[in-house]
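Dear colleague,

Please find below the structure that I am passing on to you. My notes on it follow directly after the display.

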Amino acid sequence: MGKATGFLDFERKNAKVEDPLSRIRHFHEFRTPLPLGEQQKQGGRCMECGVPFCQNGEMLMGMASGCPLHNLVPETNDLVWRGNWKAAYERLSKTHCFPEFTSRVCPALCEAACTCGLDGEPVGTKENERAIIETAFAKGWVKPQPPAVRTGKKIAVIGSGPSGLAAAMLLNRRGHQVTVFERKDRIGGLLRYGIPNMKLEKSVLDRRIQLMEEEGVTFVTSTDVGKDIRAEQLRKEFDRIILACGASNPRDIQVPGREAGNIFFAVDFLGMVTKSLLDSNLTDGKIPAVKGKHVLVIGGGDTGNDCVGTAVRLGAKSVTQLEMMPEPPHTRAASNPWPQWPRVLKTDYGQQEAAAVYGHDPRVYQTTVKEFLKDKKGNVQKAVLVSLEPKKDEKTGRMNMVPVEGSEKTVDAQLVLIAAGFLGSQKYVTDEFAVSLDARTNVKTAAGEYETNVPGVFAAGDMHRGQSLVVWAIREGREAARAVDKSLMGYTNI
């Protein structure tokens, strides 16, 4: 695939990235894609390796290696190299519902497993994917695909995140009548209110939702299933139900002073900022005050980074990001060989911006909060931090991060954002549908299946597999759609 010597002839080139001190002045995307001619050369770097781990999508040592959607990456890269953009779009669409989302927010599992990356720079598959789908939209190739025949079957999808949207798209195109219920005021779930605008412009999301509406999908917003509408009613009205409500139960930090004001879960904070941005361009006063404050972000993952970038844009006086684990190595360890996911230090856009503004990386490793201190109004004013060190549990053999005695220090913190991950599905939803849960409160099904213990009720996405990536959610939605279709029709051609 591609040019036989392309990986030797062409260096990897990436999209142009706006300077951090410039892009923090706005909430728009800040990457300018390569011209199509240059992007074609990036497709030509695909080296016909014969062992395309890029499309494998299997778990190695607890981490995914390659694309979970099994996109046929060498084929699409070859079509990019040849400039056959329409065929590339058609090839990509056979396995992928929303490349315009993943080409912006996915960590590129395909690239981490690229054979080129074994001794050099991997193929820029993520940006190739973005070029494919944006060219397809620009050329008018992405058109509504309403079904020619309706089956008469009705399906309710609860949740409009990436898994719910993927399931809805495929089931509607199959001919079933699909209604998507969303408790927020706008469709998109995590894509709308969990991912900041500078990573995913909401116009990109709106463009896809409009297409799905034109195909016949019905969207119902501001309806919280389990509160505003009961499960019993949905079972009467619909032939099948898919629960795709996400892993929306945030992990808390239980320390003295937690009840102080101006301490927010990261997902709530990011959602408030995005809603205010969409409603009023941040003029409605409905977000926590950030300007001039010392901001403490607890959690070193992608959501924590999004909080850092958002706080910088909103004028924080300082931003500190706590990470419980040790700093990762800068290069692969011998115990972490290709094609495993590389467990190496990653400096994301928010951390780059904080470093540009404040003069240093905002991350503090092997550290957590021991206590929050309040001011006279009951709002958080400072945080007592404590260092951590790894210690082996003699009973279980596991390594745990434990506090270092005498390492406490106090820092200013007038706004705290907890980005410590999620514990699973929300209880009121799972109780309403009486579905079984696993030990992590994810909705339980048989291995590799999507129907719950309640006949006709299916689960997909983070609600089913636990907190994960957008690309995994899309795969879950696609697989759940197949399972629902087969249960209704006796076979499936999805």
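Helix 14 is mostly covered in this predicted model, with 10 of its 12 residues buried. The helix runs over residues 302-313. Its first and last C-alpha atoms are 17 Å apart, close to the 16 Å expected at 1.5 Å a residue. The buried residues are G304, N305, D306, C307, V308, G309, T310, A311, V312 and R313.

What covers these buried residues? The covering elements include three helices and three strands: among them are helix 2 (20-23), helix 13 (266-280) and helix 15 (349-358), together with strand 10 (294-298), strand 11 (318-323) and strand 17 (415-418). Just after helix 14, G315 takes a positive phi of about 90°.

I turn next to the empty space inside the model. Rolling a probe the size of a water molecule over the atoms shows where empty space is left. The count comes to 3 cavities of 30 Å³ or more.

The largest cavity has a volume of about 190 Å³. Its lining is made up of 21 residues, and C67, N71, C110, T125 and E129 lie nearest its centre. Four elements give two or more residues to this lining: helix 4 (73-81), helix 6 (99-105), helix 7 (109-112) and helix 8 (125-139). Which of them provides the largest share? That is helix 8, with 5 residues. By class, the lining of the largest cavity has 11 nonpolar, 8 polar and 2 charged residues.

The second largest cavity has a volume of about 110 Å³. It is lined by 16 residues, of which C46, C49, C54, C114 and T115 lie nearest the centre. Here the largest share of the lining, 3 residues, comes from helix 4. The lining of the second largest cavity divides into 12 nonpolar residues, 3 polar and 1 charged.

Finally, there is a record to set beside the model. In an unreviewed entry, UniProt lists residues 24-140 as "domain: Dihydroprymidine dehydrogenase". Over residues 24-140 the chain is 45% helix and 7% strand, and the C-alpha atoms at the two ends of this stretch are 33 Å apart.

With kind regards

Conventions. Residues are numbered from 1 along each chain as its sequence is written. This is a predicted model: local features need pLDDT of at least 70, side-chain atom pairs count only at pLDDT 80 or more; totals for chains, interfaces and linings use all residues. Side-chain values use heavy atoms; hydrogens and water are left out. UniProt positions are given in the numbering used here, feature names are shortened, and annotations may be inferred rather than shown by experiment. On a 1 Å grid over the protein atoms alone, a cavity is a set of points where a 1.4 Å probe fits but cannot get out, and a pocket is an open set with protein on both sides within 12 Å along at least five of seven lines; lining residues have an atom within 4 Å of a point. Grid points are joined across faces, edges and corners, and a volume is the space filled by probe spheres set on the points. Ala, Val, Leu, Ile, Met, Phe, Trp, Tyr, Cys and Pro count as nonpolar, Asp, Glu, Lys and Arg as charged, and the others, Gly among them, as polar. The expected span of a helix is 1.5 Å times one less than its number of residues. Buried means under 20% relative accessible area, exposed over 50%, partly exposed in between (1.4 Å probe, protein chains only). Contact means heavy atoms within 4.5 Å.
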